[in-house]
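Colleague: Could you take me through one part of this model in detail? I'd like to hear what it packs against and what comes after it.

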Amino acid sequence: MLTQAERYKSGVMPYAQMGYWDADYVPKETDVIAVFRISPQDGVDPIEAAAAVAGESSTATWTVVWTDRLTACEVYRAKAYRVDPVPESPGQYFSYIAYDIDLFEEGSIANLTASIIGNVFGFKPLKALRLEDMRMPVAYLKTFQGPPTGIVVERERLDKFGRPLLGATTKPKLGLSSKNYGRVVYEALKGGLDFVKDDENINSQPFMHWRDRFLYCMEAVNKAAAATGEVKGHYLNVTAATMEDMYERADFAKQLGSCIVMIDLVIGYTAIQSMAKWARRNDMILHLHRAGHGTYTRQKTHGVSFRVIAKWMRMAGVDHIHAGTVVGKLEGDPNVIKGIYSICRDSFTRQNLEQGVFFDQDWAGLRKMMPVASGGIHAGQMHQLISYLGEDVVLQFGGGTIGHPHGIQAGATANRVALEAIIKARNEGRDIWQEGPQILEDAARWCSPLRAALQTWKDVTFNYQSTDTADFVPTATTA
């Protein structure tokens, strides 16, 4: 134990000696806890590397500074308290770090992330660094709004219960005129979908101004609702260059009667929270497209796990978030996806290392997010999707609707019939995982759009090794 004189002597000393490592520390209920995957440079002690991450993400700098003594520095120093080797990954370690709640501004994802994933990710003594999971204290969560609508209220507004919601992304996502875009929306909704969606990069380009798109899309929504007697919606993407532009577009969507607007993850945390507050004030469902996340969530050794992004977005306040499909064309290990869906939908998320969830998380009454499954899915996978993902999910079949050989409306009908056939079989107690293909074939005997969909895509799969899997090795115990 260093004396005060030794601790504050000018010069450089190891982070662990500066107080950023404490193997005896017991985290408080009010601490924010993070677990990082650290890959130290050759010759760097893993405990010192963990202490450095704790220091550089809280109060430390590279040398001793006497101004620490003007603060409650023992409280404000983050404390690395546990370092475990990553199973079957030599040179990698899970480092657990606790942060006092007073280090963070209330209700601000921007402030939280400025500390947790700030300069530390470029720290030279580390080859790589990944934020794997976080535990947010109830006291901190209570400073956040959370989703403006939530799953329960969304279902009540849409009058849709007992099944997943069905959607599609308009294709091609770029290049259509506003009128043709609206025709796609109408055909898909008329055929049986609940939602159609703008894609992440359709904003206000020369071929289609945002205002024209909104007008034609809402005309399509209203006509389809009148024709089917069902509540319909279209995710109008209000993503723009400035907050003023986004507010203008969102206000126009509200004036037209839309029940939902959409934003992209790339607009940033402050803009996301600003739009979440707007959505709460205006009784609007808020859909988040996770555009850009793969640049930092997909690789196992460096970046931020998507389970952490999902937690931040539930706190920030979005109602929908794209969260993986397992069977589609995009990254998605089955266990990892289950963990992410639990984070979106649970009132209390249990620790589940097999699913990559490191901590129990009490959500303190924050409303639940509706996960969205999209990307390379089709009607022939319906039994797999429901088995993996459950019913509180939006299943979005873009190409699997618009690419149907009989047209868009037929593609939507195929998906709706497939969904209802599998849900009916599940409710009757049948094993939809094993019997799913036969259930769909039986339904297709009486539905030519479904029959055509199964014939077109029956052999289409995306069976590739996931790059982001949970590092979990069961330990045998005595009976």
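Which residue follows helix 17, and is its phi positive or negative?

Modeller: Helix 17 is followed by G429, and phi there is positive, near 90°. Before we go further, a word on the ground rules. This is a predicted model, so local features need pLDDT of at least 70 and side-chain atom pairs count only at pLDDT 80 or more, while totals for chains, interfaces and linings use all residues. Residues are numbered from 1 along each chain as its sequence is written, and side-chain values use heavy atoms, with hydrogens and water left out.

Start with the helix itself. Helices here are DSSP runs of H or I with at least four residues, strands are E runs of at least two, and both are numbered from the N terminus. Helix 17 is made of 20 residues, and from its first C-alpha to its last you cover 29 Å. That is close to the expected 28 Å (1.5 Å times one less than the number of residues).

Now for its partner. Helix 17, residues 408–427, packs on helix 19, residues 448–457, at about 90°, and the two axes are 8 Å apart. So helix 17 runs roughly perpendicular to helix 19 (65 to 115 degrees; under 35 is roughly parallel, over 145 roughly antiparallel, and the rest oblique). The axes are lines fitted to C-alpha atoms over the stretch in contact, with angles from 0 to 180 degrees between N-to-C directions.

Which residues actually meet? Helix 17 brings A410, T413, A414, V417 and A418, and helix 19 answers with P449, L450 and A453. Contact means heavy atoms within 4.5 Å. Sort the residues of this contact and you get 7 nonpolar, 1 polar and no charged. (Nonpolar is Ala, Val, Leu, Ile, Met, Phe, Trp, Tyr, Cys and Pro; charged is Asp, Glu, Lys and Arg; the others, Gly among them, are polar.)

Next, step back to the interior. The largest nonpolar core holds 132 residues, and F36, L131, M134, W312, M313 and M315 have the most contacts inside it. Helix 17 gives the most to this core, with 9 residues. A core is a set of buried Ala, Val, Leu, Ile, Met, Phe, Trp, Tyr and Cys residues joined through side-chain atoms within 4.5 Å, and buried means under 20% relative accessible area, exposed over 50%, partly exposed in between (1.4 Å probe, protein chains only). Take M313 as a way in: beyond its neighbours within four places in sequence, M313 is in contact with L265, Y269, I272, L288, V318, I321 and M369. There is also a second, separate core of 11 residues, with L158, Y235, I260 and V372 among them.

Two of M313's contacts, Y269 and I272, turn up again among the buried residues of helix 11, a list that also includes M275 and W278. Helix 11 (residues 269–281) is 13 residues and 19 Å from first C-alpha to last, close to the 18 Å expected. Its buried residues are covered by elements including helix 5 (109–116), helix 10 (243–255), strand 8 (260–264), strand 9 (285–289) and helix 13 (306–316).

Helix 13 is also home to K311, which is buried at a relative accessible area of 1%. K311 touches D133, M134, I343, Q361 and W363, leaving out residues up to four places away in sequence. From K311 to I340 is 29 residues in sequence and 8.7 Å between C-alpha atoms.

Back to that positive phi. Most residues other than glycine have a negative phi, and most peptide bonds are trans. Just after helix 11, D283 has a positive phi of about 55°. D159, in the loop between helix 7 (150–158) and strand 5, has a positive phi of about 60° without being a glycine. A364 is another non-glycine with a positive phi, near 55°, and sits in the loop between strand 13 (361–362) and strand 14 (370–374). Their surroundings differ in exposure: D159 is exposed at 57% relative accessibility, whereas A364 is buried at 13%.

As for peptide bonds, K171 and P172 are joined by a cis one, with omega about -10°. P172 belongs to the loop between strand 5 (165–167) and helix 8 (178–190).
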